[in-house]
Every structure is written in C-alpha cells, then in structure tokens.
Amino acid sequence: MSKKIYVPPIKSQGIKTKLVPWINSIIPEPFNNTWIEPFMGTGVVAFNVVPKFAILCDTNPHLINFYKAIQKKEITPSLTKEFLQREGSLLLSKGEEHFYSIRERFNKEHNPLDFLFLNRSCFNGMIRFNRKGGFNVPFCRKPERFAQAYVTKIVNQIEYVFYLLQFNDFEFKCKDFKDTIALGKEGDIIYCDPPYIDRHTDYFNGWDGKKENDLFIALKNTKATFILSTWHHNDYRKNEYIDSLWSEFPILTRDHFYHVGGKETNRNPMVEALITNYNAKPIEYIQERVEQLTLFERMAEYKAKAIV
C-alpha cells in the first residue's frame, strides 16, 4: 500500500518527512480523539496524519504565528505567490543585500511571510535565533533562489495546509511542552519530536538533560497514548538516555539518514527510535513523496473526507 507524503512550507533540519509512513503506521486505529504535539516544528507529522482534532504547540512563536496566519486566511496561496515573486525578484537583482534587509525587517516586525522567505533562502534551511530572539542564519548565497518552479512548489505546499485547516479543527498554541502534555486525556495521542538530546540542534529554547528528564516524567504520567521520536545510536555512540530513562517502554528502531549541517562529516546515518506506552505493530507503507497537487485535486480530496 502507498501513501502520499505532503511536505510542509516550512523547512527545518531533522524534519520527519521520510519517517512519516513509519510513524503513521503505528497509530492505533480507529482514532477519533485529539492529536497533540508539544514540539510541532514544521507540522509535517500532523499535516500527514490529518486528525480531525489537533492541538499543535511549540515554544517558537514564529512557527505558531505562521500557521495561525494561514488558518486565519491572512496568508493564502495567491498572496504567497505574489510575495515570493516580488521579493524573489529583488533578491535576484540585489543579492544577499536584500536577504539581510528582509532579515532585519523580520527581526523588527515578525511578519510571517518574511519568516517564510528567510526559511526558504537561508543557509541549509536552518531555524536559529540568537539570545535576543533574532533570526541569525546567514544567506544561502543563491540569488536565483526563488525561480518560478521553486515558488510554485512553495505555493502548492501552502495550498495543501490552507485547505487542510479549513476542513479540520486544528489549534495552534505557543506553549511549554509540559503544559501541552498535561492537556492529554485518555484516548488522545501525544506525538513528541523533541530536540535530540546530545545531538546538534537549533531548537528555539535549547535542550538538555533536565528537559529530557522532565519530558520522561510528563509522558510517564500521562493518561494519553504517546509516541516519542528520538535517536537510538549511530556509528560512534549510543543515546545514553535510552537505557537510563526510556528502556521501560516499548522501543521500535530503524535506520535513517539525516542531511543535517553544512559539513559532510555531520551527515551520517543514524538508528531512529519510536518509543511508545503501548505495543505498536508497524504496517509499512511505500513512501510516495508528493509536493504538487492542483487546487481542484485538493478540494476534491477534502470534500470527500468531509462527506465521510
């Protein structure tokens, strides 16, 4: 069986796009309660699971504000196309000078479309902020970044989320992970994708052993079903928290390759882990990566879901 994989408009290092079929395959069925994410990130998992009810949280306010703007129709596919064509043309003519002017503008005004522009034209698709909360990732040094094909790809990604949010009850909150997990009730599913402990991360508020332990306690005490993504080991070392904290829960593993970091030495295979508080039995799907669907195909797809 194959499932289409929809890529979100926001990029990040360590994005779970290629792991979505694996995660999706262990979700208990039927599932009709609330899907909860304390570490929403790009939203790729929720946007592919497509629950009817979802609470998506993150401590990065710019991620939350971006998707709220789509939900409120302040960002639409047509507005995104117009914005990226205009700013992409200026980037082509002015080069990195325009990128840094947009970065300065974003750090003052926090416009969600500026955030999108920076995310899709910065170095390696990183999301990183300094201690003052300013976006500080440098330019990718590709003035031609927003060529027509690339703009069309991003607009289609916006379009998918735009219609998904019209047909489903999604709530976006800027919230601490402990408070988010506390929202979970019996029958809900909490999916956690925290920064990987002891790995390079660019998480908005950082991550350390204390937070990993706090996460363990919160998930251990929840009445909801949980699925936790983390790393198990690589060729050089093992995630020590697997044994010291998470070993009391069922653990599934599989190989994965992350394109993380600017150096090839940082781009290594890793054994990924899914940790749950139930006995998960994965049903593998053939991955079919889809980024381009027409407006009419998406509308028809969501109308069919609404009728069901």
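**Close-up views of a predicted model**

**Figure 1. The backbone oxygen of Thr-76 lies 2.8 Å from a polar atom in the side chain of Thr-80.** The model shown in this and every following view is predicted. Thr-80 belongs to helix α4. Is Thr-80 buried or exposed? Its relative accessible area is 0%, and Thr-80 is therefore buried, since that term applies to values under 20%. When neighbours within four places in sequence are set aside, the residues in contact with Thr-80 are Ile-75, Leu-113, Leu-116, Val-155 and Ile-158.

**Figure 2. Helices α4 and α6 pack with their axes 11 Å apart, at an angle of about 55 degrees.** This angle makes α4 oblique to α6, and the crossing of the two helices is right-handed. Which residues make the contact? From α4 come Thr-80, Phe-83, Leu-84, Glu-87, Gly-88 and Leu-91, and from α6 come Leu-113, Asp-114, Leu-116 and Phe-117. By residue type, the contact of α4 with α6 divides into six nonpolar, two polar and two charged residues. A general rule helps in reading such a list: an α-helix has 3.6 residues a turn, so residues three or four places apart point the same way. Thr-80, which appeared in the previous view, is one of the residues that α4 brings to this contact.

**Figure 3. Helix α5 (residues 96–109) and helix α6 (residues 112–121) cross at roughly 140 degrees, and their axes come within 9 Å.** How are α5 and α6 oriented to each other? They are oblique, because an angle must be over 145 degrees to count as roughly antiparallel and must lie from 65 to 115 degrees to count as roughly perpendicular. The crossing of α5 and α6 is left-handed. On the α5 side, the meeting residues are His-98, Phe-99, Ile-102, Arg-103, Arg-105 and Phe-106, while α6 supplies Asp-114, Phe-115, Phe-117, Leu-118 and Ser-121. The residues of this contact comprise six nonpolar, two polar and three charged.

**Figure 4. Helix α6 is largely enclosed by the rest of the structure, because nine of its ten residues are buried.** The buried residues of α6 are Leu-113, Asp-114, Phe-115, Leu-116, Phe-117, Leu-118, Asn-119, Arg-120 and Ser-121. Against which helices do these residues pack? The buried residues of α6 pack against α3, α4, α5 and α7. At the N-terminal end of α6, Asn-111 acts as a cap: one of its side-chain oxygens is 2.8 Å from the backbone nitrogen of Leu-113.

**Figure 5. The C-alpha atoms of His-62 and His-110 are separated by 7.4 Å, although the two residues are 48 residues apart along the chain.** His-62 is located in helix α3. It counts as buried because its relative accessibility is 7%, which is under the 20% limit.

**Figure 6. The peptide bond that runs from Glu-29 to Pro-30 is cis.** Its omega is near -5 degrees. Where is Pro-30 found? Pro-30 is in the loop that lies between α1 (20–25) and β2 (34–37).

**Figure 7. Lys-73 and Arg-141 each have a positive phi although neither is a glycine.** For Lys-73, phi is about 65 degrees. This residue is placed in the loop between α3 (61–71) and α4 (77–94). Lys-73 is partly exposed, because its relative accessible area of 47% is neither under 20% nor over 50%. For Arg-141, phi is near 65 degrees. The loop that holds Arg-141 lies between α6 and α7 (148–167). With a relative accessible area of 63%, which is over 50%, Arg-141 is therefore exposed.

**Figure 8. The protein chain as a whole contains eleven helices and nine strands.** This last view places the close-ups in context. What share of the 308 residues in the protein chain is buried? Buried residues account for 52%. Of the contacts between residues at least 6 apart in sequence, 73% join residues at least 24 apart.

Methods. Residues are numbered from 1 along each chain as its sequence is written. This is a predicted model: local features need pLDDT of at least 70, side-chain atom pairs count only at pLDDT 80 or more; totals for chains, interfaces and linings use all residues. Side-chain values use heavy atoms; hydrogens and water are left out. Axes are lines fitted to C-alpha atoms, for helices over the stretch in contact, and angles run from 0 to 180 degrees between N-to-C directions. Helices (H or I, at least four residues) and strands (E, at least two) are DSSP runs, numbered from the N terminus. Angles under 35 degrees count as roughly parallel, over 145 as roughly antiparallel, 65 to 115 as roughly perpendicular and the rest as oblique. A crossing is left-handed if the near helix is turned anticlockwise from the far one by less than a right angle, and right-handed if clockwise. Contact means heavy atoms within 4.5 Å. Ala, Val, Leu, Ile, Met, Phe, Trp, Tyr, Cys and Pro count as nonpolar, Asp, Glu, Lys and Arg as charged, and the others, Gly among them, as polar. Buried means under 20% relative accessible area, exposed over 50%, partly exposed in between (1.4 Å probe, protein chains only). A polar contact is a pair of N or O atoms within 3.5 Å; within protein, one must be able to donate a hydrogen and the other to accept it, and residues adjacent in sequence count only if both atoms are side-chain atoms.
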